[in-house]
Amino acid sequence: MAKILLEMKNITKTFPGVKALDNVNLQVEEGEIHALVGENGAGKSTLMNVLSGVYPFGSYEGDIIYNGDICKFHHIKESEEKGIVIIHQELALIPYMSIGENMFLGNERGKKASINWDETYGEAEKYMRQVGLTESSRTLIKDIGVGKQQLVEIAKALAKNAKLLILDEPTSSLNETDSKALLDLLLKFKKEGMTCIIISHKLNEVSYVADKITVIRDGSTIETLVKGVDEFTEDRIIKGMVGREIADRFPKRHNVKIGDVNMEVKNWTVYHPVYSERKVVDNVSIKVHKGEVVGISGLMGAGRTELAKSVFGKSFGSNISGTLLLNGTEVHLKNARDAIHHKLAYVTEDRKGDGLILSNSIKTNTTLANLDGVSDRMVIDKDKEYAVAVEYKEKLNTKCPTVEQNVGNLSGGNQQKVLLAKWMFADPDILILDEPTRGIDVGAKYEIYCIINDLVAAGKSVIMISSELPEVLGMSDRIYVMNEGRIAGELTQAEATQEKIMACILRSSKGE
Amino acid sequence: MNSAKIRDFITKYTMIIVLVLVTLFFTWGTQGKILFPQNITNLISQNAYVFVLATGMLLCILTGGNIDLSVGSVVCFVGAVGGVLMENMGVPVFFAVILMLLLGAVIGAWQAFWIAFFRIPPFITTLSGMLVFRGLSNVVLGGKTLPIKSETFTVLFGGGANCYVPDFLGGGEGLNRVAMAAGIIACLIYIFVTVRGHMNRKKKGYETGNVAAMYIKMIVICAVIMFLTVKLAQHKGIPTSLVWVMIVVLIYGYITSKTTIGRYFYAVGGNEKATKLSGINTDMVYFIAYTNMGLLSALAGMLTIARLTSAQPTYGQNYEMDAIGSCFIGGASAYGGIGTVPGVIVGALLMGIINQGMSIMGTDQNMQKVVKGLVLLAAVIFDVVSKKKSS
């Protein structure tokens, strides 16, 4: 048996009013990839913050034993000196600095008063080769894709002499190809003796890459599964995470009648708003029926969001051409307001950036897209507004003390529900849901699926854009596959499989 | 009350508590002189322009911490043009007032146009305005002081010796009856509105807040109104400038808290992209904020030239800073999206009381600036730290 590199013993961490971690134990062997899984708010990130010294020694109970010594980290710097490096979910790179500058930020080469740039860029390239980046280290971060940015983060960690690498949701913003490449890189590092802790929601990736899986639920460790000993399937992991078996990850729809076409997009072409010669949506035609869930699948950057936003009152892109028919009549939507009046809704993929006002209450966010619905000649009826917010809170089962609570303090799943509430209150006939379950846990996902089913049962249409193939397959009546701005295929629920969708994408990439 | 509730209370009413403490301090420091009827009257009429400008500035700050640096110069320019219209060209007061308000709105719209539709940073656009309108004021007045002789105008906008609402109820000696009546009516209206809102909520089955807290708040507010009323009545009655301030505060307080357009200001400051995708014309929100700032600058300009009974090319200097300071002391967020009209008024009052208290105590002018600067910083630090702890 290999030596235990890290042991966290009986870690308890309390925040005012909440016990975030309760007697957590974690053992990591040298040279293994250890996955931490659990629902949002289960305490995974808190545990890693305790380990890396974000929460200093003394603010928690229990011991951290690393390499045989009890560690008392007061600061991130101290844990990094020992080779424990954490890569956070949100990339911490500065867009207008070069790769090299970013890599040694806070860890500069040369003297304090005079940075040695040759050494900086030279060393940067050395580490970049290790992670398979062939760019020049003088390239600006903003000029490389998210996938490569994630690799830069890893190279940055290597530059700090990492022995124990902690990755918090490393693939959450990557597409399937980039994710695969990243996971393979981790496997390569493992062969070279690196130890990794990976936090992820994507269970297929976890079972692919991990040697051991520790499940955390409500701040306590539930179990540790070992590859080769325990069953390593997604269903088995989910059972540990939610404490019960979810018999069906996708709720069934009963007796939803699919009616006539109520939205049709014909020959829709959109150019990039900044690089106006670049086509982001290329001659796309789609149809949506009443009571139907239409899935749009495809890789990141396939033009799905761009299509949705440009249809929603030209909220994206320039030089938009094509026809949009709603219930058989052609409409020209000038802006988002127009689109809302024509009973369209676009629920963004970026709920924090484009969707919610985090510093405002649930109540204000719920009514924002339809203030006319709670006001009389521009005067808001605050009591009615409150009642509406409470009604939707109960309908969608949003977990919050009151609707006066700031949205910024809610978990991802609950924020998503507030966002849905906002658009449901706008009373649309057609809802475009862009990645409706991104970054939220299994339980909340199930609830969102139920909401989608309720919507179509009420005669509305849903267009669901999703990068998660199982979700698209499980929820859609019909699936469009998009690739490089074009429709690469259309599949019915009966014929669609993961392989067929991937095949559509590959075929279209080859230009057939 | 447990400790959490006390902390909540302190966080919510921080600036009001500070205002009370500062007032108590100066009452002690000036042996009660600061509460003399005449001083309270002065406090209001001297700071009338700050209340008006701060209210307008709040809307700009709400859109995302954007400020308007040009207000001091616009105040001066509108005053200068108004002075020339009334004194040199003989335009009747009524038309002159309309023209001045129009001029303010047009100046505001000019800056708002570039800010809203071309997204020129407000800081730059209004810095330009600050220089342009200061320069134009000098041109209009030829660098000289222009005395304002029109009695109607000065009395109407709170200047000269007799700028009070006339006591038509015929008091003569002692308390000014109109002032007393106005104070009592204000209290009654306030009580009526609060109680009716409460009843309505109950009737429609909506959740109602703590009833005891509601009554305590009502009693405190009425007591403050009556205290000020008595003080004003003991002097010469209601200054006309207070009437203008009340009109502005009530209208904008209502707009920001009760109307959809008010809500848009907060939404744009909170998350502009989300607001736009919710079907709200965010460009228009910026346009309204800055056009309105011009309009209120015009009103402040009238209050200024009336009070000083002249127009001068140097008037209005640093007025923008008074307005901005009041907003931040009054709890507006430097990032936008947070702030209320009552908060801003408390902020302006706090600055006013510190000013006046130190003047009565005979503190050196320069030291007054030092104290004001430190108070501004302290207020914001206190606000930020207490909010951080509570979250």
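**Exercise 1. Work out the order of the strands in the open sheet of six strands in chain A, and find its edges.**

Step 1. Read across the open sheet: the six strands of chain A come in the order β6-β7-β8-β3-β9-β10, and the pairing is mixed. Strands here are DSSP runs of E with at least two residues, helices are runs of H or I with at least four, and both are numbered from the N terminus. Two strands pair if DSSP finds at least two bridges between them.

Step 2. Look for strands that pair on one side only: these are the edge strands, β6 (84–87) and β10 (220–226) of chain A.

Step 3. Check the twist, which averages 20 degrees from one strand to the next. Axes are lines fitted to C-alpha atoms, for helices over the stretch in contact, with angles from 0 to 180 degrees between N-to-C directions.

Step 4. Zoom in on one edge. Strand β9 (residues 212–217) of chain A runs antiparallel to β10(A), and six bridges join them. A:R217 has A:S220 in β10(A) as its bridge partner.

Step 5. Add the helix: α8 (residues 234–242) of chain A lies across β3 (33–37), β9 and β10 of chain A, at about 30 degrees to β9(A).

A quick word on what you're looking at. This is a predicted model, where local features need pLDDT of at least 70 and side-chain atom pairs count only at pLDDT 80 or more, while totals for chains, interfaces and linings use all residues. Residues are numbered from 1 along each chain as its sequence is written, and chains are lettered from A and ligands numbered from 1 in the order in which they are written.

**Exercise 2. Decide whether strand β13 (residues 293–298) of chain A is enclosed or open, and name its neighbours.**

Step 1. Count the buried residues (20 or more other C-beta atoms within 10 Å of their own, with C-beta atoms placed from the backbone; exposed means 12 or fewer, partly exposed in between). Six of the six residues of β13(A) are buried, so the strand is largely enclosed by the rest of the structure.

Step 2. Sort the directions. A:V293, A:G295 and A:S297 point one way, while A:V294, A:I296 and A:G298 point the other way. That fits a general pattern: in a regular strand the side chains alternate between the two faces of the sheet.

Step 3. Find the partners. Strand β20 (residues 461–465) of chain A pairs with β13(A) in the parallel sense over four bridges, and A:I296 stands opposite A:I465. Strand β21 (residues 478–483) of chain A also runs parallel to β13(A), joined by five bridges, with A:S297 opposite A:V481.

**Exercise 3. Describe how chain A touches chain B.**

Step 1. Count the residues in contact (C-beta atoms, placed from the backbone, within 7 Å): 24 from chain A and 23 from chain B.

Step 2. List the elements of chain A that give two or more residues to this side: α10 (336–341), α11 (351–355), β18 (379–380) and α13 (382–396).

Step 3. Split the chain A side by class: 14 nonpolar, seven polar and three charged. Nonpolar means Ala, Val, Leu, Ile, Met, Phe, Trp, Tyr, Cys and Pro; charged means Asp, Glu, Lys and Arg; the others, Gly among them, are polar.

Methods: Contact = placed C-beta atoms within 7 Å.
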